[in-house]
Amino acid sequence: MSATFAALWAEIAPIGRTAGGGYLRYAFSEPELALRDWFRAQAARRELAVTEDGNGNLFAWWGSPWGPGTVLTGSHFDSVPHGGGYDGPLGIVSAFLAVDEMRARGVTPARPLAVAAFVEEEGGRFGVPCLGSRLLTGAITPGKAAALRDRDGVTFSAALGADPVGALDELAHVSAVVELHIEQGKALVDVDAPVGVASAIWPHGRWRMDFTGDGDHAGTTRMADRHDPMLTFAYTVLAANKEARLAGAHATVGRVEAEPNATNAIPSRVRGWLDARAADSATLDRLVEAVVKRAVDRAGRDGTQVNVEAESVSPEVAFDTDLAARLAALLGGVPILPTGAGHDAGVLSGHAPTAMLFVRNPTGVSHAPAEHAPDADCATGVTALATVLEELTCR
Ligand code: GLV
Ligand code: MN
Ligand code: MN
Ligand code: MN
């Protein structure tokens with residue numbers, strides 16, 4: 001199986017890889033479209049019919065589309081800018097290989113099985129993570145999604161080539177969802193296990209912070225006369241870090257834009273995005289409130305202004321406890337662990353019993369080029385996924 005995993009993985013590994021070893025696989029970009037073509041070819045190779053849901057999500061069907069008791073598996077192709085190659089595609093490649101393994105075992109599913117490729121999971125292009133699964137489940141309206149714009153001003157509708165259709169009634173026929181994903185931390189390394197089952201996803205969200213002040217000359221404006229939004233922004237980044245540490249939570253500012261972005265000009269505007277996550281919603285709410293308060297106080301002292309808007313908030317996900325325990329036992333007592341990373345499975349968990357399998361990541365690095373899982377562990381993941389899908393489609 002390891003050779004088979006390696007062979008299939010090798011087909012997609014070069015797609016969207018940059019000189020630095022990371023990946024640029026924005027939704028509907030050339031590499032992501034190539035991966036969609038690859039998806040269709042893999043489905044055809046296995047005689048799985050492909051459907052689209054009108055929101056950009058693809059499904060390859062073993063059995064009749066959206067038939068009673070449908071089991072969904074799969075993940076996403078898109079990456080964060082210069083992210084790793086495993087976050088997302090591992091779940092899709094593993095799903096096709098799990099179908100092969102089930103067939104090799106002589107399994108005939110009693111319920112339809114779909115391998116899914118969800119669009120724009122990272123929110124790397126249009127800003128809202130899990131956009132495809134949010135549309136499919138009705139967690140975002142088609143109108144709101146249609147109007148989202150990328151950094152070049154292209155709308156989601158334009159990229160999709162049509163207005164998204166939103167929630168699908170057929171989702172009611174889904175009896176279970178399983179997403180396999182590379183682990184994005186080192187919990188499995190710590191317990192020396194190649195595969196684990198997810199228990200929960202921390203609540204998390206993205207807040208856009210706009211700092212405005214007075215653009216002016218870097219050489220002639222006295223220090224005492226400045227209203228520099230970069231200072232308020234810098235203070236806010238440090239405050240977020242401090243508040244997160246105090247709360248046992250996570251806060252990150254990984255994206256920033258300055259205007260006019262000139263070395264010799266005091267900026268007139270700085271826009272930064274806060275990504276905040278915590279083990280429970282009350283802690284997350286308190287963290288964000290504390291950061292906003294400190295930003296506003298500091299803006300008062302700097303003579304600048306700050307405005308903070310939530311761009312997306314994902315509530316806490318507790319995966320189906322019975323299902324997690326059942327699958328962990330089925331796989332021989334593998335560990336059950338929570339994660340701070342968001343997933344389409346989290347969005348879908350409100351609509352059907354949902355589980356996730358994690359595959360060990362030796363360095364724990366993710367959303368960066370060093371993200372990696374060994375072939376042998378990926379092959380173990382495929383076998384585990386086949387076992388789980390056999391259980392869910394047949395029993
Ligand atoms: C997506 O991978 C996220 O957790 O931000
Ligand atoms: Mn990711
Ligand atoms: Mn992912
Ligand atoms: Mn994710």
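# Exercises on helix packing, annotated sites and backbone geometry

**Exercise 1.** Describe how helix 8 packs against helix 9.

Solution. In this predicted model, helix 8 covers residues 229-247 and helix 9 residues 281-302; their axes are 9 Å apart, and the packing angle is about 150 degrees. An angle over 145 counts as roughly antiparallel. Helix 8 and helix 9 are therefore roughly antiparallel to each other. The crossing of helix 8 past helix 9 is right-handed.

Next, list the residues that meet. Helix 8 contributes Leu231, Thr232, Tyr235, Thr236, Ala239, Ala240, Glu243, Ala244 and Ala247. From helix 9 come Thr283, Arg286, Leu287, Ala290, Val291, Arg294, Ala295, Arg298, Ala299 and Asp302. Sorted by class, the contact of helix 8 with helix 9 holds 11 nonpolar, three polar and five charged residues.

**Exercise 2.** Classify the crossing of helix 3 and helix 12, and give the make-up of their contact.

Solution. Helix 3 spans residues 89-104, and helix 12 spans residues 375-394. Their axes come within 8 Å and cross at roughly 60 degrees. The two helices are therefore oblique to each other. Helix 3 passes helix 12 in a right-handed crossing.

On the side of helix 3 the contact is made by Leu90, Ser94, Ala95, Leu97, Ala98, Glu101 and Met102. On the side of helix 12 the partners are Cys378, Gly381, Val382, Thr383, Leu385, Ala386, Leu389 and Glu390. The contact of helix 3 with helix 12 divides into 10 nonpolar, three polar and two charged residues.

**Exercise 3.** An unreviewed UniProt entry places the feature "binding site" at His76, Asp87 and His181. Are these positions gathered or spread in space?

Solution. Start with the sequence: the three positions span 106 residues. Then take the C-alpha atoms: no two of them are more than 9.7 Å apart, so the positions gather at one spot.

Now place two of the residues. Aspartate 87 sits in the loop between strand 3 (70-76) and helix 3. Aspartate 87 is buried, with 27 other C-beta atoms within 10 Å. Beyond residues up to four places away in sequence, aspartate 87 touches Ser79, Ile182, Ser366, His367 and Glu371.

Histidine 181 belongs to strand 5 (residues 174-182). Histidine 181 also counts as buried, because it has 27 C-beta neighbours inside 10 Å and the cut-off is 20 or more. Apart from residues up to four places away in sequence, histidine 181 touches Ser75, Leu90, Gly91, His343, Met356 and Phe358.

**Exercise 4.** The "binding site" feature is also placed by UniProt (unreviewed entry) at Arg206, Asn264 and Arg277. Are these positions gathered or spread in space? Are asparagine 264 and arginine 277 buried or exposed?

Solution. The positions are spread over 72 residues of sequence and are also spread in space, with up to 35.8 Å between C-alpha atoms.

Asparagine 264 is found in the loop between strand 9 (250-259) and strand 10 (265-266). With 7 other C-beta atoms within 10 Å, asparagine 264 is exposed. Leaving aside neighbours within four places in sequence, asparagine 264 is in contact with Ala218 and Gly219.

Arginine 277 lies in strand 11 (residues 269-277). Arginine 277 has 22 C-beta neighbours inside 10 Å and counts as buried. With neighbours within four places in sequence left aside, the contacts of arginine 277 are Trp202, His204, Ala249, His250, Leu284 and Gly340.

**Exercise 5.** What is the phi value of phenylalanine 28 and of tryptophan 66, and which bond joins glutamate 259 and proline 260?

Solution. Recall the usual case: most residues other than glycine have a negative phi, and most peptide bonds are trans. Phenylalanine 28 has a positive phi, near 65 degrees. Phenylalanine 28 is placed in the loop between helix 1 (2-12) and helix 2, and it is buried, with 20 other C-beta atoms within 10 Å.

For tryptophan 66, phi is positive as well, near 60 degrees. Tryptophan 66 lies in the loop between strand 2 (58-62) and strand 3. Tryptophan 66 is buried, with 20 other C-beta atoms within 10 Å.

Glutamate 259 and proline 260 are joined by a cis peptide bond, with omega about 0 degrees. Proline 260 is in the loop between strand 9 and strand 10.

Definitions and conventions. Residues are numbered from 1 along each chain as its sequence is written. Chains are lettered from A and ligands numbered from 1 in the order in which they are written. This is a predicted model: local features need pLDDT of at least 70, side-chain atom pairs count only at pLDDT 80 or more; totals for chains, interfaces and linings use all residues. UniProt positions are given in the numbering used here, feature names are shortened, and annotations may be inferred rather than shown by experiment. Helices (H or I, at least four residues) and strands (E, at least two) are DSSP runs, numbered from the N terminus. A residue is buried if 20 or more other C-beta atoms lie within 10 Å of its own, exposed if 12 or fewer, and partly exposed in between; C-beta atoms are placed from the backbone. Two residues are in contact if their C-beta atoms, placed from the backbone, lie within 7 Å. Axes are lines fitted to C-alpha atoms, for helices over the stretch in contact, and angles run from 0 to 180 degrees between N-to-C directions. Angles under 35 degrees count as roughly parallel, over 145 as roughly antiparallel, 65 to 115 as roughly perpendicular and the rest as oblique. A crossing is left-handed if the near helix is turned anticlockwise from the far one by less than a right angle, and right-handed if clockwise. Ala, Val, Leu, Ile, Met, Phe, Trp, Tyr, Cys and Pro count as nonpolar, Asp, Glu, Lys and Arg as charged, and the others, Gly among them, as polar.
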